[in-house]
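Biologist: I'd like a close look at just one part of this protein, the pocket and what sits around it. Could you walk me through it slowly?
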Amino acid sequence: MQAAPVRATAIPSLTTALRAVESLLMSSGQRTARRNAWTSVLEDRRRARDRVEAQRVLDQNPITHG
């Protein structure tokens, strides 16, 4: 019995496949706009996490006045 042959070419990732489909369906400007929008979503999520963390730190260390 022989072992199955090893595949020499890499299987494209899901991201690579989706980008290939995207390039066929959308113009360059639409792709750029979509990617910019997604980058904005990711940045908003990062800022939200930062706000939650800052609030947690402030709640642990209350500042007393006077």
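Which helices each supply at least two residues of the lining of the largest pocket?

Modeller: Before you lean on anything here, this is a predicted model, where local features need pLDDT of at least 70, side-chain atom pairs count only at pLDDT 80 or more, and totals for chains, interfaces and linings use all residues. Residues are numbered from 1 along each chain as its sequence is written, and side-chain values use heavy atoms, with hydrogens and water left out.

Now to your pocket. The two suppliers are α1 (14-25) and α2 (28-60), each giving at least two residues to the lining. The protein has two helices and zero strands (DSSP runs: H or I of at least four residues for helices, E of at least two for strands, numbered from the N terminus).

The volume of the largest pocket is about 240 Å³. A pocket is an open set of points on a 1 Å grid over the protein atoms alone, where a 1.4 Å probe fits, with protein on both sides within 12 Å along at least five of seven lines; lining residues have an atom within 4 Å of a point. Go round the wall and you'll meet Thr15, Leu18, Arg19, Glu22, Met26, Arg34, Arg35, Trp38 and Thr39. That lining splits into four charged, three nonpolar and two polar residues.

Let's follow α2 along, past the pocket lining, to some charged pairs. Glu43 makes a salt bridge with Arg46, with the closest N and O atoms 2.5 Å apart (a side-chain nitrogen of Lys or Arg within 4 Å of a carboxyl oxygen of Asp or Glu). Glu43 and Arg46 are three residues apart in helix α2, so about one helical turn separates them. Glu43 also pairs with Arg47, at 3.6 Å from N to O, and these two are four residues apart in α2, again about one turn of the helix. Arg47 in turn meets Asp44 in a salt bridge of 2.3 Å, N to O, with Asp44 three residues away from Arg47 in α2. Put together, Glu43, Asp44, Arg46, Arg47 and Asp50 are linked in a network of salt bridges, and the full count comes to five.

Are these residues tucked away? Glu43 is partly exposed, at 30% relative accessible area, and Arg46 is partly exposed too, at 34% (buried is under 20%, exposed over 50%, partly exposed in between, with a 1.4 Å probe and protein chains only). Arg47, at 36%, and Asp44, at 40%, count as partly exposed as well. Across the protein, buried residues make up 3% of the 66.

Terms used: Grid points are joined across faces, edges and corners, and a volume is the space filled by probe spheres set on the points. Ala, Val, Leu, Ile, Met, Phe, Trp, Tyr, Cys and Pro count as nonpolar, Asp, Glu, Lys and Arg as charged, and the others, Gly among them, as polar.
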